[in-house]
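The report below moves from the chain as a whole to a few individual residues and one helix. Please read it alongside the sequence and the structure.

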Amino acid sequence: MDPRIRHRLRCPVCALPLAAATAGTTRTLTCPRRHSFDVARQGYVNLLAGRAPHVGDTGEMVAARTDFLAAGHYDLISRALAEAAAVAAARYRAAHPQPGTTAAANPLVVEPGAGTGRHLAAVLAALPDAVGLALDVSKPALRRAARAHQRAGAALADTWQQLPLPDASVAVLLNVFAPRNGAEFHRVLDPAGALLVVTPAADHLTELVGALGLLQVDPAKPDRVAGRLGTRFATESETEHRTRLTLTRPEIATLVGMGPSAWHTDPARLTERIAALPNPVEVTVAVRLGVHRRR
């Protein structure tokens, strides 16, 4: 892991800094109190302080997401995040003008619930001096996130618990279709930083929801987002981004397989419903991007 990322990590047990250590052929990170955390062969570090409440996305879901995103279908999300992050980073740098400090030289971008790290990689590509950290509970996802970008690291972590980062250490937080731990987001985000939250709009994938029996977008989603962030954040702006995709039946199967509906649909019934769709199908992609600042 890049030392510029590693030295920002904190022990999930005692919150002390972590340092690299090598014992034989085992790669580990250790803290001054000798809590030790293994670095997987694929490059991510396991920073769970106990058992995770769930294992996250399966290998099949991660493979589906990798294929779907690699086809560019959700690139509008990556582009929107990269543009918003560039604005946020400029404001962050203005608040940290000392060129010799780590904060100014290498702003940290963190994505809790990063999945394969594709959106994080797009943001890092737009911020050539930044470094990034992908956090997730899914090992299959982290195997890919650890290789998503040369300036990105990855860690296995329960994002509902204390994040393995110091207070006020993050320049930009990304949250894309992922859980929101408002208290921890507020703790780790620099006062001059920004939280970028992507959520589905009401008509996101609307052509498929009814036809395939997928999970619907909660009409109260904006209120739930605000509730998770509570009084800790103020919304600076919100923009909507939408496009129309022309998807084949196999691409639709991949799309369903990568998201939460994969946990809630009967595979045989889903196959029947997809076979009954026209080929190809016009599908709406519609998301909201909120930029939030610490209060």
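In this predicted model, the chain folds into 11 helices and 11 strands. A compact globule of 295 residues would have a radius of gyration near 19 Å, and the value for the chain, 19 Å, agrees with that expectation. Along its principal axes, the C-alpha trace spans about 60 × 45 × 30 Å. Of the 295 residues, 49% are buried, and among contacts with a separation of 6 or more, 66% are accounted for by residues 24 or more positions apart.

The accessible surface of the chain comes to about 13,400 Å², with carbon and sulfur atoms contributing 52% of that area. The chain carries 34 positive and 25 negative charges, and the mean positions of these two sets lie 7 Å apart.

**Histidine 119**

Histidine 119 belongs to helix α5, which covers residues 118-126. Is this residue buried or exposed? Its relative accessibility is 9%, and because buried means under 20%, histidine 119 counts as buried. Leaving aside residues up to four places away in sequence, histidine 119 touches Tyr74, Ile77, Ser78, Leu81, Glu111, Leu174 and Val176. With one of these neighbours, serine 78, there is also a polar contact between the two side chains, at 2.7 Å. Serine 36, by comparison, is 83 residues from histidine 119 in sequence, and the two C-alpha atoms are 30 Å apart in space.

**Asparagine 175 and strand β8**

Strand β8 spans residues 170-176 and contains asparagine 175. The relative accessible area of asparagine 175 is 0%, so this residue is buried. Its contacts, not counting residues up to four places away in sequence, are with Arg180, Phe185, Leu195, Leu196, Val197 and Val198.

**Backbone geometry in the loops**

Most residues other than glycine have a negative phi, and most peptide bonds are trans. Against that background, two residues other than glycine with positive phi values are set out in the table.

| Residue | Phi | Loop | Relative accessible area |
|---|---|---|---|
| Arginine 34 | near 70 degrees | between β2 (26-30) and β3 (36-38) | 77%, exposed |
| Alanine 168 | near 50 degrees | between β7 (152-156) and β8 (170-176) | 30%, partly exposed |

Arginine 34 is placed in the exposed class because its relative accessible area is 77%, whereas alanine 168, at 30%, is partly exposed.

Where in the chain does proline 280 lie? Proline 280 is found in the loop that runs between α11, residues 267-275, and β11, residues 281-294. The peptide bond leading from asparagine 279 into proline 280 is cis, and its omega is near 5 degrees.

**Helix α10**

Helix α10 comprises residues 249-258, in which Ile252, Leu255, Val256 and Met258 are buried. What covers these buried residues includes helices α2 (59-70), α8 (206-212) and α11, together with strands β10 (233-247) and β11. The elements α11 and β11, listed here as part of the cover, are also those that flank the loop holding proline 280.

Note on methods:
Residues are numbered from 1 along each chain as its sequence is written. This is a predicted model: local features need pLDDT of at least 70, side-chain atom pairs count only at pLDDT 80 or more; totals for chains, interfaces and linings use all residues. Side-chain values use heavy atoms; hydrogens and water are left out. Helices (H or I, at least four residues) and strands (E, at least two) are DSSP runs, numbered from the N terminus. The radius of gyration is taken over C-alpha atoms; the globule rule is 2.2 Å times the number of residues to the power 0.38. Buried means under 20% relative accessible area, exposed over 50%, partly exposed in between (1.4 Å probe, protein chains only). Contact means heavy atoms within 4.5 Å. Accessible areas come from the Shrake-Rupley method with a 1.4 Å probe; for residues, only the protein chains shown count as cover. Lys and Arg count as positive and Asp and Glu as negative; His and the chain ends are not counted. The place of a charge is taken as NZ of Lys, CZ of Arg, CG of Asp or CD of Glu. A polar contact is a pair of N or O atoms within 3.5 Å; within protein, one must be able to donate a hydrogen and the other to accept it, and residues adjacent in sequence count only if both atoms are side-chain atoms.
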